[in-house]
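Me: Could you take a close look at the cysteines in this one for me? I'd like to know how they pair up and where the partners sit.

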Amino acid sequence: CTCEVSEWSAWSACDASCGDGTQTRSRTQVSGHASACPALSESQACSAGVACSCVVSAWGAWGACSASCGDGTRARSRTVEDAGVNNDCPALTDTEACNAGSCECVVSEWGAWGGCSAACGYGTRTRS
């Protein structure tokens, strides 16, 4: 028993409006016995060419702390690589608390005393 089939049809449109889907094509039996025919349809994976959900880049490096000492904040960001069709992009900036270290005042040792402001009696002397 033999079976003769037509040429394959063109691939159908992708059945997904976003993301991945399936497309099919078919052919018909021209003559012979159906039991001897090869497959009359087949399918393959396809992509609609646009993402359903938003695709973002990896987070960038953290920026510098906003304070030169003590508590502050720092930020990082990421970008949209494909906005998708669902309008579901996550936040593109992120902040966190940071501490830039102690705010203690550091001073030098005292300098030498200056001379007295009075030649006799009570006066003042200063140092810095």
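Reply: Here's a walk through the cysteines, bonded ones before free ones. Keep in mind that this is a predicted model.

The count comes to six disulfides. If you number the bonded cysteines in sequence order, they pair 1-4, 2-5, 3-6, 7-10, 8-11 and 9-12. Let's go through three of the links.

Start with C3 and C37, whose sulfur atoms are 1.6 Å apart. The torsion about their S-S bond is about 70°, so this disulfide is right-handed. The pair links distant parts of the chain: C3 is in strand β1 (residues 3-5), while C37 is in the loop between β3 (29-32) and β4 (41-47), 34 residues apart. Both C3 and C37 are buried.

Next up is the disulfide joining C18 to C52, with an S to S distance of 2.0 Å. This link is right-handed too, with 95° about the S-S bond. C18 sits in the loop between β1 and β2, and C52 in the loop between β4 and β5 (55-56), so the bond ties together parts of the chain that are 34 residues apart in sequence. As for exposure, C18 has a relative accessible area of 13%, so it counts as buried. C52 comes in at 24%, which makes it partly exposed.

Then there's C65 with C98, again a disulfide, with the sulfur atoms 2.0 Å apart. The torsion here is about 85°, so this one is right-handed. C65 lies in the loop between β5 and β6 (71-77) and C98 in strand β8 (residues 93-99), so the pair ties together parts 33 residues apart in sequence. C65 is partly exposed, with a relative accessible area of 26%, whereas C98 is buried at 14%.

Now for the cysteines without a partner. What is the closest cysteine sulfur to that of C116? That would be the sulfur of C120, 9.5 Å away, and because a disulfide needs the two sulfurs within 2.5 Å, that's too far for a bond. C120 is likewise in no disulfide, with the sulfur of C116 as its nearest cysteine sulfur. Accessibility differs between the two: C116 is partly exposed, with a relative accessible area of 45%, while C120 counts as exposed at 66%.

Methods
Residues numbered from 1 in each chain as written. Predicted model: local features only at pLDDT ≥ 70, side-chain atom pairs only at ≥ 80, totals over all residues. Heavy atoms only, no water. Helix = DSSP H or I, 4+ residues; strand = E, 2+ residues; numbered from the N terminus. Buried < 20%, exposed > 50% of the residue type's maximum accessible area, 1.4 Å probe, protein only.
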